[in-house]
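Here's a quick briefing to read alongside the coordinates. Have the viewer open and we'll go from the overall fold down to a single helix.

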Amino acid sequence: MNAIKKNLIVMVCFMAFSCEFLDVVPDNTPTVDHAFKNRIEAEAFLYGCFSYLPRFGNPGESTGANPAILGGEEAWWIENSSGWNGRTWNIARGRQNTSEPIADYWASRQAGSEVNGGNYMFTALNDCNVFLENIHKPYDLTNEDRVRWIAEIKFLKAYYHFWLLRMYGPIPIINENKPLSAKGEEAWLYREPIDKVVDYIVSQLDEAVIDLPDVIYDQMAELGRPTKATASAVKAQALLWAASPLLNGSAEQAPYFSLVDNRDVELFPKTYSVEKWQRAADAAKEAIDLATFAGHKLYDFRKTNPNEAAGLNEKTILAMQVRGAATERWNSEIIWADSRGGYVGGSTDNSFQTVCHPAFFTSHGSTNNVTKNYAPTLQVVEQFYTKNGIPVEDDKEWVDHLQYKRDHPDGMWKLRTSTEDDRYHVFLTATTVQLHFDREARFYGSVSFDGGLLYGNSRITNDKDLWRLRFKNGEMGGGPSPTTRYPVTGSLVKKMLHFRSTVQDAGTSAVYFSYPYPIIRLADLYLMYAEALNEAGGATPDPDVYIYINAVRERTGLEGVVESWRDYAVSGKENKPLSKEGMREIIRRERLNELAFESHRFWDLRRWMLAEEYMNRPIRGWDISGATAETFYKEQNIFRPSFQKKDYFWPIKLSTLLKNPNLKQNPGW
């Protein structure tokens, strides 16, 4: 994807042209011929097909926004913020609609309307088909490049279909373009059944993986373009979705999602299939094997940054494991990432980091270099494990002392002052709540909380004098001021802030260490495999389930799941990892913790059909008007979201339905 930058002028000029001619010029005209007359022109078209990929690090209003960043309850936003444009936040606030759907990828001139293609994702598929129809024409294109480019286009076609599948469920399959002369019924397409769409996605990826490279050798120009491991990982994702409760004819799904078109074709499966889980498990294992062959391995901060690690305590290093896995440039764990990073306003920038960077000086509060308003919700703060590697509510050390309760004097909200034993996680002598003590390393690497510490902002060679985080009212980084730059829950997302990024004391300049936004990393694949294998198996989990989930846990210093529950769980839960049902809960919690703030929770809660449970709870945070620990640490209900069955899928725009009578609206809309 860096190649897009490298050829920016060519691509921009070409795309400004191609977006017009592809909709109106008949096939086989000199215009299309010109686009494929030589290698340079054809490569520009290839980059144009890549440019339709969603801006994975952009939650805003512009074309290509990622709704998974602000569209759920993982982190909360504020009105009139000076950070991102937060239009997708309206999804979380229950403002999705059918007249102008938010983050609408089925745009107004979509497949099945009066012309082929459309304004966005279906236009991408149209362009991909044009590419495949014409890539034989460039006289100076080597066969090696032609074969690879065709494989990349097949990968893109598969991914664009998968993206639409997650959002809308049944969709049209755009395998080839209809003639632009087609009008009326001839041009109207049907939505196809879920299983048929999934099989098409898999077929495209199976074809692509054969001719994609094992690794990217020209790393300066091509990092971000797909490899065999990338295509195989997307295949595993697609099959995991097909096997999950939302799309697998489960008892929970079947009564609510019934959609029959005017051909009398049922578009949602009605029968549960355990074989789909096995198919997903096999695909995930294949992806892991290809990734391992290509040199991918779990990130290790010590090996990647040996000079810095030499001066750090083990606790600091373990907290950096998951943070570095997400933000270290093209580290060994990254299977696929978006080199545009936090993309806003049409250019590459570091806005994702500005919304995560805390303020340490008064000047930081009045500059767009530090907007500090990407705030994790209190329910997510509670979700991370204790230091023993199990949930707070299952840990006997917490339960026996009533620390798992919120409203008890000795519960999670009890104030506690940091001592020497806590100094690498909580600022020495700082007073904060029990909830912030004795937690797993991933918590300390993911969340910035009042009284906590930040490794970074130029303090990276030792951890004896790390930055103290302050979020109480009247302090340098806290309170509801300025009104466009504050964390509404009283905490900030730390994970997506690179440790080498620096904001000067005066706050007038910042050096943000940019990184590609992670899309799929190896830990995700491990957890996909563990989940699918657990569901495909019998009452007792397969040994591989433990092997792969434990590999993810051990990287941040946690014991294996069996040992952790055996040694630390309350009576009655010691054997939780020994059953399929118990491991199902554990694997889901592992995904929520390991992949927090990386745009996975939004989709996972949907495919598990748990979004109604999670998204109908109040959004909670601290009382940010409080100036002391006693007044700040008062739980506040910030917002009460409402998630209905219909919200599992996007609505199709009403004007689109009017143009194509063959399309049926999603249930509930």
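What follows covers the whole protein, then one helix in detail.

Keep in mind that this is a predicted model. The protein counts 26 helices and 16 strands. Its radius of gyration is 25 Å against the 26 Å that the globule rule gives for 669 residues, so it's as compact as a globular protein of that length.

**Overall shape and packing**

- Along the principal axes, the C-alpha atoms fit a box of roughly 75 × 55 × 45 Å.
- Of the 669 residues, 63% are buried.
- If you look at contacts with a separation of 6 or more, 69% of them come from residues 24 or more positions apart.
- The accessible surface adds up to about 23700 Å², and carbon and sulfur atoms own 51% of that.

**Helix H14: geometry**

- H14 takes in residues 314-327, which is 14 residues.
- From first C-alpha to last, H14 reaches 20 Å, close to the 20 Å expected at 1.5 Å a residue.
- There's still a bend in H14, about 35° at Gln321.
- At the start of H14, Asn313 puts a side-chain oxygen within 2.8 Å of the backbone nitrogen of Lys315.

**Helix H14: burial**

- H14 is mostly covered, with twelve of its 14 residues buried.
- Among the buried residues are Ile317, Leu318, Met320 and Val322.
- Arg323 is on the buried list too, as is Gln321, where H14 bends.
- Thr316 and Thr327 are also buried.

Conventions: Residues numbered from 1 in each chain as written. Predicted model: local features only at pLDDT ≥ 70, side-chain atom pairs only at ≥ 80, totals over all residues. Heavy atoms only, no water. Helix = DSSP H or I, 4+ residues; strand = E, 2+ residues; numbered from the N terminus. Expected span 1.5 Å × (residues − 1). Bend = angle between axes of the 7 residues up to and from the residue. Buried < 20%, exposed > 50% of the residue type's maximum accessible area, 1.4 Å probe, protein only. Polar contact = N/O pair within 3.5 Å; in protein donor to acceptor, adjacent residues only side chain to side chain. Rg over C-alpha atoms; globule rule 2.2 N^0.38 Å. Contact = heavy atoms within 4.5 Å. Areas by Shrake-Rupley, 256 points an atom, 1.4 Å probe, with all protein chains shown as cover.
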